[in-house]
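Welcome! Open your viewer, keep the selection box handy, and follow the stops below one by one.

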Amino acid sequence: MKKSLPILFSLLLACLANAEQEKPNILFIMVDDLGFGDLSSHGATDLRTPNIDKLMAAGLRFDNFYANCPVCSPTRASAMTGRYPDLVGVPGVIRTYETNNWGYLSQEIPTLPTMLKEVGYHTAHVGKWHLGLEPENHPNERGFDHFHGFLGDMMDDYYKHTRHGNHYMRLEKEVIHPEGHATDLFTAWASDYFESRKNACQPFLLYLAYNAPHTPIQPPGEWYKKVKTREQGIEDKRAKIVALIEHLDGGVGKVMEKLESTGQAKDTLVIFTSDNGGQVNVGGRNGIYKGGKQDMDDGGIRSTTCVVWPGKVKPGGRSKVVGMTMDLTATLLDITGADVGHHMDGESLLPTLLGQPQDLSQRFLVWVRMEGGGKYQGRPYYAIRQGDWKLTQNTAFEPMALYTRANDPKEERPVETATKIRRALLEELQKHFQRAGAYPWQGSRRVGW
């Protein structure tokens, strides 16, 4: 009993410190390849997403929010660091085999969980990691106290949980072989985590990253049948992705129900976002915006995003402020009072969340992606935006097209004049190239562990 007194005293001090500082719990939900038009709250008429819609209405919805990249790993790297992805070594997708790998998460860059641990948070990651298979880049080595999820990129099967024949499901660092659809498993594991923390004084970060609705488009059979019965005349391809999204929505609903039943909802800030736009060739839709996943057109980088923070963020709000994934990280660090001792590319959106004026319209925003294969050949391609102007390309082999969002939000009419604006955007983009050259994207990769 005497030995336990110092521990109990330390826990009491931690509880008192957290109560005084009012640090919220954080639930950071990132979904995979959700199209900007693939929520009923965002105009879809053939699918029903009541739970995500409820989140969108419960806090502040961002109508001009962007992922940091039109594909997975780079956006996740930005979420974990608050930096541009190519400035942390992840300009493209991290994959199992070196010949098709385009990133290595830098060991020099602190991560969100690492920085939050320094201000008293317990940190957990449930779901898709996709930021490295090397031992040094395992979630437990990059700041997460708890990891229950999938290390790899896409799953080849939502029930087998393999990629290239490798089993990438882990509980901490142990290989596990759970049964069930990955969405259901991640939902259950997130709920288990809430249960384990319901009597803890220490605030938590739960980074919950679903694979859905990424390919393979593999909804549970009963969800697919429900959509086919309800939506008369719907094409099979569209029905499958609608069912996968509705199944995902059901999982989000269960997670939020558990957060409520454990009494933690009132003290929890919730972020919902997607890592990029929807994949058009499998039935994903991106609203009015051109393009989709892999494209620098807005359909590829627009992200359905909201922030819910009971007692702080007014419900039902909508913001036109232009934000990016890395801004969410900067915002969380600002809210929690974490000491950031290095440069952050992201901007805190806390003033916007609190209903205060915030003008970020004149900052430059850069997107980059590197990819292999015949279409890309390992060469990066880019987009850059300032205000209403956006300069963009969808491969390194096409000229950059200039658009103005003021009267062409669909990016249908390239502007051939405005040479001064084009020059300013190109000069800023060149500065970004020079900065990114200091950050290697090939590490010492040891796979198959």
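## First stop: a lysine on the surface

Begin by selecting K54, which is exposed, its relative accessible area being 64%. Burial has fixed cut-offs here: buried means under 20% relative accessible area, exposed over 50%, and partly exposed in between, with a 1.4 Å probe and protein chains only. K54 belongs to helix α2. Helices (H or I, at least four residues) and strands (E, at least two) are DSSP runs, numbered from the N terminus. Now add V255 to the selection: K54 and V255 are 201 residues apart in sequence, yet their C-alpha atoms are 13 Å apart in space.

A word on what you are viewing: this is a predicted model, in which local features need pLDDT of at least 70 and side-chain atom pairs count only at pLDDT 80 or more, while totals for chains, interfaces and linings use all residues. Residues are numbered from 1 along each chain as its sequence is written, and side-chain values use heavy atoms, with hydrogens and water left out.

## Zoom out to the whole chain

Show the chain as a cartoon and you can look for twelve helices and 18 strands. The chain's radius of gyration is 21 Å, close to the 22 Å that the globule rule gives for 449 residues, so the chain is as compact as a globular protein of that length. That radius is taken over C-alpha atoms, and the globule rule is 2.2 Å times the number of residues to the power 0.38. Along the principal axes, the C-alpha atoms fill a box of roughly 75 × 55 × 45 Å.

Colour by burial next: buried residues make up 60% of the 449 residues. Switch to a surface view, and about 18,200 Å² is exposed, with carbon and sulfur atoms supplying 52% of it. Such areas come from the Shrake-Rupley method with a 1.4 Å probe; for residues, only the protein chains shown count as cover. Among contacts (heavy atoms within 4.5 Å) between residues at least 6 apart in sequence, 66% join residues at least 24 apart.

## Helix α7 and its partners

Select residues 236-261, helix α7, together with residues 50-58, helix α2: their axes come within 7 Å and cross at roughly 55 degrees. That makes α2 oblique to α7. Axes are lines fitted to C-alpha atoms, for helices over the stretch in contact, and angles run from 0 to 180 degrees between N-to-C directions. Angles under 35 degrees count as roughly parallel, over 145 as roughly antiparallel, 65 to 115 as roughly perpendicular and the rest as oblique.

Which residues of α2 and α7 meet? Show side chains for P50, N51, I52 and L55 on the α2 side, and for D249, G250, V252, G253 and M256 on the α7 side. By class, this contact of α2 with α7 has five nonpolar, three polar and one charged residues. Here Ala, Val, Leu, Ile, Met, Phe, Trp, Tyr, Cys and Pro count as nonpolar, Asp, Glu, Lys and Arg as charged, and the others, Gly among them, as polar.

Keep α7 and swap in helix α5, residues 182-197: the two axes come within 9 Å and cross at roughly 10 degrees. That makes α5 roughly parallel to α7. In α5, the residues to pick include T183, T187 and F194, while those in α7 include H247, L248 and V255. The contact of α5 with α7 has five nonpolar, five polar and four charged residues.

Still in α7, click on I241. Is I241 buried or exposed? I241 is buried, at a relative accessible area of 2%. Beyond its neighbours within four places in sequence, I241 is in contact with P213, I217, V282, G283 and G284.

## Two cis bonds in one loop

Follow that contact to P213, in the loop between β10 (204-209) and α6 (221-230). A cis peptide bond joins A212 to P213, with omega about 0 degrees. P216 is also in the loop between β10 and α6, and the bond from T215 to P216 is cis, with omega near 0 degrees.

## Last stops: positive phi

Select H161, in the loop between β5 (146-150) and β6 (162-163). H161 is not a glycine, but has a positive phi of about 60 degrees; at 3% relative accessibility, H161 is buried. Finish at E411, in the loop between β18 (401-404) and α12 (419-436). Phi of E411 is near 55 degrees, a positive value in a residue other than glycine, and E411 counts as buried at 1% relative accessibility.
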